[in-house]
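This report goes through strand pairing, helix packing and two loop residues. Please keep the structure open while reading.

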Amino acid sequence: MNSGKKRMVAALLALNLVVALAGCSGNGGSTTDNKGSASSVTKGDESKPITFTYFSEDSSTNWNHMQDEVGKVITEKTGVTLDAEFAVGDPVQKISLIAATGNYPDLIAAKADVGKLVDAGAIIDLTDLIDKHAPNIKKMLGDKLVRTKYSLDDQAIYAVPTWSAVDEKKIKADGGFELQHRVVKEAGYPEIRNVKDFEKVIHDYITKHPTDENGNKNIGLSLNADDWHMYQVTNLGFQTTGGPDDGELYIDQKTHQATYHFRRPEEKEFFRWLNHMNAIGLLDPESFVQKTDQFKAKVASGRVLGLADPEWDYGDGQNALKAAGKFDQTYGHYPVTMSKEYKDTSFWPAGFDGGYGISISSNCKDPVRAIQFLDFLASEEGQILNNWGIEGKHYTVENGKRKLIPAVQERANNDGAAFQKESGLGLYWNLMVHYGDGIKDSTGNYFTRNYPELLTENYSEVEKETLKAYKAEHWKDLFPKEEDFQPRAYGAAYTMSLPNDDPAVILGAKMKDITWKRIPEAVMSKPEDFDKIWDAYMAELEKAGVKEMEEAYTKHIKDRIELWSTR
């Protein structure tokens, strides 16, 4: 996500904001005379067209109102069109507004903030709907269905899980730290294993090439800390010190004790390193003030030598480089940690989380049609449609093997955003319960287009040259493998949905505000001031109740383990 694409800590919305903005969320779950209203649709009748309103905490920059090629087929098959709204700015605030005003869209993807909707009575228990009207979802989840239950005390299913892939065997490395291929080539393809290795190749390159061919300054390392993207910066603290992605927590794998991960001494040293990178001029000074579009534009310019960012975030900029034929300025992935005593945890599996997903609101005009729509997307037909498109238009089947048409593959590789908006390929993944990478369908073909042979085929010649130099077939080969880690009994902690008034939520919002102020301050300070600022940061967390928050989260972690152990 997205990781992150990735986890928003719930914040309380002030009453005056609710009053001021109460009329701003559209018709929500209204059943007035618009197409697909309750007055014109027989509930559960899939032969009638219907429009559902939908809000998602995730952005979707390539959304085309289901007028893309895949979207049109989905509507043809289901009769459903989505009137969709995606998060702009702070999605937590929008969910708070939805919960407070009662203007509920038919479908809502609230991620970790689903607790706000539960508290407001805004969403319904899906247990019976799944049992009676969603055979594909029911079959795919099987005994994993227990992981979709809300909590030990409330075992309702409030969201169809769409974020966590079922039975995934992750093949593609899309995280870690990134370096342009020209940078490592000039350095002689050295080992890139810790932050000092990463720093050295950037330093050596930028010393020889301070500007690009147009006289613009090259940038050593740029970060995207715009709004919620700040998580992509703060996550680096645990990423470089051996912690799996558990949101803002570090969980002891034996005791399951939760710690606010920034309080670990080893993470202080990572942020000290960022401070050092700033002091020597290798960190983009605009890292904490630039907007996402500015960040992507810098990547697209080819001036950013290094990144520490998930590919889904910088991918538009990289695609622009590919379209311009500047493949040596695209990026490889490296398992960078503070030192060799730590393992990069990119491939530490969380198992099936059953957390983030899509809820059906209590205002939904036709819950049966809604679950049937989601069930079609979860079907084999729906998953193939999303991942591969339309047979004959996007892919062919030759000797039983499914393959994208070459012209389609080329556009998917080099014209990603525009092509996705036009075709819809891969656009609907977070609307569907789905299988992950490495899983085959009933025809013996892979559900997704991330599988070894196709990855190799789609690498540029420059990328292949870099991989060969590191004696690797795929970037994953450079990273610790799944089997190097013990399974996490609780999945991923960031997918827990908690009540709005829970101490963990209330205190977590306070910690976020403190952290998002203090981390940029510490990183951008003079090195001699770093310790003083960090010590003040730690004291501020303690005063705000960080230990109480940790204990609350510890209880929730242990409750989840107990819930998941039931059948």
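## The four-stranded sheet

In this predicted model, L179 stands opposite G332 in strand β10. The two strands involved are β5 (residues 177-180) and β10, which pair in the antiparallel sense over 4 bridges. Strands of a sheet pair through backbone hydrogen bonds, and the pairing is either parallel or antiparallel.

β5 and β10 belong to an open sheet of 4 strands, ordered β6-β9-β5-β10, in which the pairing is mixed. At the edges stand β6 (219-221) and β10 (331-334); each has a single partner strand, so one side of each is left without a neighbour in the sheet. From one strand to the next, the twist averages 20°.

## The five-stranded sheet

A second open sheet has 5 strands in the order β2-β1-β3-β11-β4, again with mixed pairing. Its edge strands are β2 (80-86) and β4, each of which pairs on one side only.

Strand β11 (residues 357-360) pairs with strand β3 (residues 107-109) in the antiparallel sense, over 2 bridges. In this pair, L107 stands opposite I360 of β11. Strand β4 (residues 160-161) also pairs with β11 in the antiparallel sense, and again over 2 bridges. Here V160 stands opposite I358 in β11, and the bridge partner of P161 in β11 is G357.

## Helices on the five-stranded sheet

Which helices pack on this sheet? One of them is α4 (residues 91-101), which touches β1 (50-56), β2 and β3. The direction of α4 makes about 130° with that of β1.

Helix α15 packs on the sheet as well, touching β1, β2, β3, β4 and β11. Its direction makes about 165° with that of β11. An angle over 145 degrees counts as roughly antiparallel, so the direction of α15 is roughly antiparallel to that of β11.

## The contact of α15 with α16

Besides the sheet, α15 (residues 367-378) packs against helix α16 (residues 380-388). Two packed helices are described by the angle between their axes and the distance between the axes. For α15 and α16 the angle is about 65° and the axes are 4 Å apart. The two helices are therefore roughly perpendicular to each other.

On the α15 side, the contact is made by F376, L377 and A378; on the α16 side, E380, E381, G382 and Q383 take part. By type, the residues of this contact divide into 3 nonpolar, 2 polar and 2 charged.

## Two lysines with positive phi

Two loop residues other than glycine have a positive phi: for K111 the value is near 50°, and for K471 it is near 55°. K111 lies in the loop between β3 and α5 (114-120), whereas K471 is found in the loop between α20 (461-469) and α21 (503-523).

Is K111 buried or exposed? The relative accessible area of K111 is 7%. Buried means under 20%, so K111 counts as buried. K471 has a relative accessible area of 79%. The cut-off for exposed is over 50%, so K471 counts as exposed.

Terms used:
Residues numbered from 1 in each chain as written. Predicted model: local features only at pLDDT ≥ 70, side-chain atom pairs only at ≥ 80, totals over all residues. Heavy atoms only, no water. Axes fitted to C-alpha atoms, helices over the stretch in contact; angles between N-to-C directions. Parallel < 35°, antiparallel > 145°, perpendicular 65-115°, else oblique. Contact = heavy atoms within 4.5 Å. Nonpolar A, V, L, I, M, F, W, Y, C, P; charged D, E, K, R; others polar. Pairing = 2+ DSSP bridges. Buried < 20%, exposed > 50% of the residue type's maximum accessible area, 1.4 Å probe, protein only.
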